[in-house]
Amino acid sequence: MEFIQQMINGISLGSIYALLALGYTMVYGIVKLLNFAHGDILMLGAYAGFFILTFMGVTPASMLVAFIFSMTICAILGIVIERTCYKPLRTSPRIAALITAIGVSTLIENGARVIPFMGPNPKQFPTFTSINYDVFGINISMVQIVVLGVSIILMVLLNYIVNGTKMGKSMRATSYDMDAAFLMGINVNKVISFTFAIGAALGAAGGILYATAYPQVQPYMGLMPGLKAFVAAVLGGIGSIPGAMLGGFILGVAETLTKGFISSKLADGVAFGILILILVVKPAGLFGKNTNEKV
Amino acid sequence: MLKKVLSVALVLTLVITTFAGCGSKAPAGETGPIKIGSIMPISGPVSAYGTQSRDAIIMAVDEINAAGGILGRQVEAIVEDDEANPEKTKSAFTKLVTDDGVIGIVGALTSKCSLAITADAQARKIIMISPSSTNDTVTDAGDYIFRSCYNDSFQGQVVASFAYKDLKAIKAAILFDNTNDYSKGLTQTFKAKFEELGGTVVSEESYATGDMDFNAQLTKIKGTAPDVLFIPDYYNTVSLIAKQVKSQGLTSTMLGADGWDEIANNAGDEVVGSYYSNHYSPDANDPEVKAFVAKYTELFGVAPNALAALAYDATYILTDAIAKAGSTDPEAIKTAMMETNKKFVTGQISFDAKRNPIKSAVMVELVKGTEPNKPAVKYAATVNP
């Protein structure tokens with residue numbers, strides 16, 4: 001019984017990792033860049049949600065507004081970051097872009113510390129009163145249902161965009177071969193901007209969900225989930241969308257089960273141990289070879 | 001040749017600037033203001049403590065200066081921010097001692113940060129009085145290290161005996177921060193006392209500073225059905241844990257220590273019905289407390305928390321000792337500190353051989369406030385040493 005309970009805890013945590021890992025993996029799939037500022041987009045998304053929910057109070061309607069507002073803001077930010085920081089470096093060595101990404105991350109974190117209405121001190125994130133449901137002796141909370149539900153809806157939506165729309169087709173083409181896609185008349189710049197926007201919007205949604213589950217916002221809150229999502233993306237095979245989803249869930253469950261049945265001190269060790277193991281045993285990740293699914 | 005000339009010039013410039021730096025540093029002389037340093041977490045995870053403590057120190061110093069200062073000189077307080085990060089505490093300490101030339105330090109606030117500088121303070125003969133570092137080992141570094149709060153051995157015992165005797169709890173669970181000296185110390189003393197009284201600690205789970213997800217640990221704790229759950233950490237982490245306690249459907253009474261001070265402003269109704277130990281209760285019927293609370297509230301617009309009261313007391317203990325010593329000689333101040341025996345805001349204070357004050361603790365309860373999700377604090381009991 002306790003095992004099933006821990007599985008539910010793990011899946012709930014894993015769905016947030018999965019949402020974030022999607023952002024990593026999509027950007028990597030298109031421009032071969034590890035966008036280390038992705039965790040900080042989560043933080044900005046959570047803050048955007050924080051302002052909406054503080055002004056409007058916590059109701060289902062205001063939650064919806066918070067999601068839309070925060071995802072829009074972060075999508076725009078994602079495009080701005082791409083245009084100003086990454087685009088000029090598109091032809092430079094990949095290490096330069098990687099270092100820039102770390103720089104952007106540091107800039108956002110420390111920028112948030114000095115912006116007066118964000119500030120360095122943790123703030124309580126407004127959430128609905130927790131309701132618990134008892135299903136055959138297993139305790140499931142409202143928060144867990146919301147987190148899992150919203151994640152699944154967004155993942156289905158993403159799947160449709162990538163596989164069922166014209167833009168999705170362009171994304172897949174660009175990912176497969178950027179130069180060839182360009183020659184075939186695809187506006188590569190537009191596709192890359194769109195990818196960053198989608199990735200950042202998912203990050204923002206992940207931010208609100210993360211803050212709903214762990215109701216506190218502070219400038220460094222994106223750091224740890226960002227790293228974990230990176231591990232999840234590598235685990236699933238960086239560049240692969242189903243891989244990122246599966247990687248997120250595996251990581252969340254592994255972490256929770258370690259805390260629950262071995263020792264809470266080892267949880268982070270196991271998470272990053274998985275990264276090392278994957279890099280040694282199967283560097284391409286679980287779905288790494290499946291290039292057709294690559295975005 | 002040009003290279004050589006340049007390098008000689010560079011070396012000369014360096015040497016000159018180094019000496020210039022030395023010259024400008026005012027040694028603890030006999031003129032000018034008496035400088036007291038303070039290291040507080042003014043930003044970061046426990047900023048509510050740091051800002052209030054800083055305000056209380058400045059209020060105390062202003063009062064002393066208005067009354068003519070000490071030894072006929074004004075007192076100047078220099079406050080540095082350490083963000084509750086021991087690395088930053090160290091650099092703040094070096095700055096205060098070498099650049100500002102302070103003779104004493106009120107701080108640091110958290111045990112982890114204080115422990116980072118006690119050895120240096122002892123070696124440099126800087127009188128250090130921490131207002132609120134309760135970890136037992138803080139004063140171990142030597143006879144220049146004092147504190148104005150009781151220590152965790154006492155505090156852990158207070159909470160344990162309150163749980164066993166007043167709440168009639170038999171089974172206790174502990175969820176603590178394994179990377180924090182304060183949290184670990186309290187866990188040990190609580191456990192020892194609770195088991196000595198006849199209770200059992202059925203579950204002892206840990207996490208690391210910065211963790212956000214406690215569902216796994218709480219699921220495990222729930223399986224052992226404890227009467228009380230002791231969470232010895234600071235208010236920000238506690239407010240996160242408390243929400244997850246409720247969403248896991250855990251109904252044990254939550255207990256905490258002085259790190260819970262300010263929880264009423266940082267958590268919702270999920271903490272109602274919990275108890276924690278504290279240094280004083282602002283609603284106490286005591287002239288010193290009343291005067292302090294009234295003046296602080298008038299100046300800063302909020303009621304002072306316990307850590308503000310401790311910082312205020314620490315400032316007075318230090319300046320009283322300097323006045324009594326009649327000089328800024330560290331030896332003399334240290335001896336005068338040991339002779340402290342006076343009533344302050346947080347109670348009658350005298351020091352034992354290990355420079356810990358001998359004083360009482362209060363237990364307070366969190367009750368429903370006038371507004372929803374704004375819990376209030378109610379005095380529950382006083383426990384004497």
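Is Glu270(B) buried or exposed? In this predicted model, Glu270(B) has a relative accessibility of 12% and therefore counts as buried, the limit for that class being under 20%. The carboxylate of this residue is engaged in a salt bridge with the side chain of Lys243(B), with an N to O distance of 3.3 Å. The two partners belong to distant parts of the chain: Lys243(B) is placed in helix 8 (residues 235-247) of chain B, whereas Glu270(B) lies in the loop between helix 9 (263-266) and strand 10 (275-278), 27 residues apart.

Strand 10 of chain B belongs to an open sheet of seven strands, arranged in the order 7-6-8-9-10-13-14 with mixed pairing. The edges are formed by strand 7 (200-207) and strand 14 (376-383) of chain B; each has a single partner strand, so one side of each lacks a neighbour in the sheet. From one strand to the next, the twist averages 25°. Within this sheet, strand 8 (residues 228-230) and strand 9 (residues 253-256) of chain B run parallel and are joined by three bridges. Leu229(B) is found opposite Met254(B) of strand 9 of chain B.

Two helices were examined against the seven-stranded sheet. Helix 5 (residues 152-166) of chain B packs on the sheet through contacts with strand 8, strand 9, strand 10, strand 13 (361-367) and strand 14 of chain B. The direction of helix 5 makes about 55° with that of strand 13 of chain B. Helix 6 (residues 181-197) of chain B lies across strand 6 (171-177), strand 7, strand 8 and strand 9 of chain B, and runs at about 165° to strand 6 of chain B.

Chain B also contains an open sheet of five strands, in the order 2-1-3-4-5, with parallel pairing. Strand 2 (75-81) and strand 5 (145-147) of chain B occupy the edges of this sheet; each is paired with a single strand, so one side of each is left without a neighbour. Neighbouring strands are turned against each other by 25° on average, direction ignored. Seven bridges connect strand 1 (residues 34-40) of chain B with strand 2 of chain B in the parallel sense, and Gly37(B) stands opposite Ile78(B) of strand 2 of chain B. Helix 3 (residues 86-100) of chain B packs on this sheet and touches strand 1, strand 2 and strand 3 (104-107) of chain B, with a direction at about 170° to that of strand 1 of chain B. Helix 11 (residues 306-325) of chain B lies across strand 1, strand 3 and strand 4 (127-130) of chain B, at about 165° to strand 3 of chain B.

A polar contact involves the start of strand 2 of chain B, at Val75(B). Asn65(B), located in helix 2 (residues 47-66) of chain B, is buried, with a relative accessible area of 16%. The side chain of Asn65(B) reaches the backbone nitrogen of Val75(B) at 2.7 Å. Leaving aside residues up to four places away in sequence, Asn65(B) touches Gln74(B) and Val75(B).

Over all chains, the structure holds 23 salt bridges. One of these joins Lys125(B) to Glu331(B), whose closest N and O atoms are 3.7 Å apart. Lys125(B) lies in the loop between helix 4 (111-123) and strand 4 of chain B, and Glu331(B) in helix 12 (residues 330-338) of chain B, so the pair ties together parts that are 206 residues apart in sequence. Both residues count as partly exposed, Lys125(B) at 40% relative accessibility and Glu331(B) at 36%. These two residues are linked with Asp143(B) and Lys334(B) in a network of salt bridges. In chain A, the side chains of Arg83(A) and Glu82(A) meet in a salt bridge with an N to O distance of 3.8 Å. Arg83(A) is partly exposed, at 38% relative accessibility, whereas Glu82(A) is buried, with a relative accessible area of 1%.

The structure holds zero disulfides over all chains. The sulfur of Cys85(A) is 15 Å from the closest cysteine sulfur, that of Cys74(A), and this separation is too far for a bond. Cys85(A) counts as partly exposed, at 23% relative accessibility. Cys113(B) is likewise in no disulfide, the nearest cysteine sulfur, in Cys149(B), being 14 Å away. Cys113(B) is buried, with a relative accessible area of 1%.

Definitions and conventions: Residues numbered from 1 in each chain as written. Chains lettered and ligands numbered in written order. Predicted model: local features only at pLDDT ≥ 70, side-chain atom pairs only at ≥ 80, totals over all residues. Heavy atoms only, no water. Pairing = 2+ DSSP bridges. Helix = DSSP H or I, 4+ residues; strand = E, 2+ residues; numbered from the N terminus. Axes fitted to C-alpha atoms, helices over the stretch in contact; angles between N-to-C directions. Contact = heavy atoms within 4.5 Å. Buried < 20%, exposed > 50% of the residue type's maximum accessible area, 1.4 Å probe, protein only. Polar contact = N/O pair within 3.5 Å; in protein donor to acceptor, adjacent residues only side chain to side chain. Disulfide = S-S within 2.5 Å. Salt bridge = Lys/Arg side-chain N within 4 Å of Asp/Glu carboxyl O.
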